[in-house]
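Reader: I'm new to this and the whole picture is a bit much. Could you pick out a single part and take me through it slowly?

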Amino acid sequence: MNAIGQLAPPVLDVRNLSITYGPLRAVRGVSFSIAPGEALGLIGESGSGKSSVAYAVMRHIKGQATGTVRVDGQDIMTLSEPALARMRGRTAAMVYQDPMSALNPAIKVGEQIAEAIRLHRAADRSTAWTRAVALLERVHLPHPSEIAHRYPHQLSGGQQQRVVIAMALACQPRLLIMDEPTTGLDVTTEAVILELVNELRRETGVAVLFISHNMGVVAQVCDRVGVLYAGQLIEEGTTQQVLRTPRHPYTVALMRAMPAIGGPRRRLAAIPGRLPDLRTPPVGCVFSPRCAIAEATCHDVMPELDAAGHAGSTHHSRCHFQNEIHQRLPPEPLMEEEAVTTAVKGRPRLQMVDLCRSFRGRSALPFLRGPAPVRAVDHVTLDIPAGRTLAVVGESGSGKSTLARCVAGLIVPEAGDIRLEEAVLERLVQRRPRPAQQAVQFVFQNPDAALNPHRTVAEIVGRPMQLYGGLAGRALRRRVIEQLESVKLGERYLDLYPREMSGGEKQRVSIARAFAGHPRLVICDEPTSALDISVQAAILNELLALQRRHGTSYLFISHDLGVVRHVAHHVAIMRQGRIVESGSPAAVFGAPREAYTRALIAAIPTLEPRPQPVSLPT
Amino acid sequence: MSGAAPSARRLVPGIRPGDLPGAFIVLGMAVLVVLGPSLSPLSATEFDPLHALEPPSLAFPFGTDEFGRDVFSRVLTGARPTLLLAMAAAALGVMLGTVTGLAAGYLRGAADETIMRIMDALMSFPGLILAMLVVVMLGPAPINVIAAIALVFWPRSARLVRSITVDLATREFIEAARSRGESRRFILFRELLPNVLPIIVVDFSLRVTSGILLAASLAYLGIGVTPPTPAWGLMVKDGQQFIEIAPWLVIYPCLAIALASIGTVLLGERLRHRLALPGGGRMR
């Protein structure tokens, strides 16, 4: 906490906030405050209640909230609707996760910002417009007077988010609430936005409540951090305290579940179990059912949020054993580096030779010339040895997903060959012979969309066995159960529909389906990017175990360098359809040769605050 | 919140109170279709000039028409020609529409364009005129009336199904099926169809209603079902000329049409909710 923070009254003071949605107790007794110019990060996984807290500050929730929330001294729980409307935007403003849905697609962005200005202060049209342009300049958009005349869809994701931030700044609020503001963005864009947030704080003295699931992002922006789990604040302190020397087993587990880009490669810690049922939260510590060091007292007595270490410390933790965490939780074992680097002899499992694919844009009118075709995959040549993982890394639009779909035969490449061991594969999957179809399987990014909502788990996992193995009846059922057990799901999942499962369970079903036909190559297209960190760790561990057991090769598509470093034997960096750099993870991440790779690595939000802003080579 | 408690798949869906009104009406209509003629106290077609145009009474609960036929018996007997025709036409039309809509929405490209332009051409005729043309061309047999009405429904259902399929076809579970090497038929009917089914059910229930009305309109114009068959639409048409002195001739068949329509729509709506998402939860 800085010196001003201790003197001035807090901008946001939340006391004993509880939120219920019907029988669901989403948030229980959360208290925190933010001083002027200070940034507080709230970390939590899905279901932790972090967004509920953020929306409660604006009184934008459907549930029932109790406790006090003071924004700039005003208790917003007792404010009338008109007073609340005046407060929103003027005293506190919100930046949402998805800029595309926060902006009206049919109105010019300059107009939208000017509208926000005119709503709160008596300004005529032209003054408001001038001020809108000034705000766009403030968030470092190039050619602000031109950008003001554009529509949201004409801007990139990062530019849209900057417009949303400019709109939030329109009335010089004292508090900015940012709900996962960089989650949908590329790392390089994310770095630029985070830098902008830091600069705005320095120069305007705005306080920030920053909601995120990403510890690295929070470390880049926030002075203090609170960790939410199952609706309770379980740890609080300065960023360094919480993220460097966590004092709660949940925070420790989260940190160890996050694959890092540097340092020794350790096994990822997956948190067993699932969130407690918040209709009947446990009497003792909320985390005790999943905690590795829980004892009898933990299940019976709820610990208080007490100062950790010495009395009067700014570091608080809600754990009975907060001072013995590190003795009780030894670090995860190191990964066997040797296994990663040994070369595999013989013919590669999969070869991509000079693959090309471009997409033609539609012309605005018939007979007019359309925009130049985009080269999504541009002369890509890569190999994957048997039992190894090739990771293709790139930002959105780099062509990595197109490459994966070319290999799967879902998109037909215009040129080039795909060879699976001895055989050259047909370009279209329907033309491939059954054994070739069986050999290449796909795990998709979004477990919600990848499973047919009208099929049970038994039908989903059993289908490849029916198709390739001709299994039926009891034999099929037995194999399905075996397959489910191999991904740590049991017989009780057989008759469930996708909707009845959590994201992690759905992704396990997806993986079980991919492995059901004994494939030789599994294409994983961002298999964990839609999942929470602790679930991601479990899924990555599962993929590694399956690979060891079956000798499967992976084509692993990802934007997350930490994840890639953890799973890959070989890395290829892709940009604008081309492979920029490739090699072993140690070589590519340790001593990158290309400027783009260096920029990509530099942009990753780590626990260290960044000394200088990231610049992108163009 | 993730993590609902796992539960067994319910093979026999429990009936909830909200299902009852629609179910009762449809069940009642089904009974009429099967047993209508034998339930009628009097003949639906025999003339009885002594009792012409009598208002509703104990002997004739719905009154009598200009030929002295009991309107109550005619309404009961009329369920079969009216409802069977409407159901058959709706089923045929929706079935054709579903197949073409699924194919057009999944295949896209030239196939989509060809199919949908033909559908557009069909749709550019006003429904009643198209149906009239077909019945006049083919002759007034009930099977031809069914074909004519189905032809009117076909493009409308196809459009509806196509619009949903286009969205579904971009989902990853369809990509998963393709990458597995599934046949087109499997993808259309095993992967896509269950997801379209809830909408089809509602579409069918609405089409039954408009089928009743369209058949009635055709009958009213004197094509399609011919007298003395006591189809409800025909009864409204014939009764119309006496509406000032004997309104019961029109009111009771109209009520029957309304009741049948309400019943099918109610049941269809409940069925949609039932089919929408297995495993509970809300429609996205």
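## The sheet in chain A

Author: Sure! Four strands of chain A make an open sheet, and reading across you meet β2, β1, β4 and β5 in that order, with antiparallel pairing. Strands here are DSSP runs of E with at least two residues, helices are runs of H or I with at least four, and both are numbered from the N terminus; two strands pair if DSSP finds at least two bridges between them. Keep in mind that this is a predicted model: local features need pLDDT of at least 70, side-chain atom pairs count only at pLDDT 80 or more, and totals for chains, interfaces and linings use all residues. Residues are numbered from 1 along each chain as its sequence is written, while chains are lettered from A and ligands numbered from 1 in the order written.

Now the rims. β2 (24-34) and β5 (74-75) of chain A are the edge strands, each pairing on one side only. Further in, β1 (residues 12-21) and β4 (residues 64-71) of chain A run antiparallel to one another and are joined by seven bridges. If you want a spot to find by eye, look for Thr20(A), which sits opposite Gln64(A) in β4(A).

There's a helix to look at too. Helix α2 (residues 50-57) of chain A lies across β1, β2 and β4 of chain A, where contact takes C-beta atoms, placed from the backbone, within 7 Å. This α2(A) runs at about 120° to β1(A), with angles going from 0 to 180 degrees between the N-to-C directions of axes fitted to C-alpha atoms, for helices over the stretch in contact. So, picture three of the strands, β1, β2 and β4 of chain A, with α2(A) laid across them.

Note on methods
Contact = placed C-beta atoms within 7 Å.
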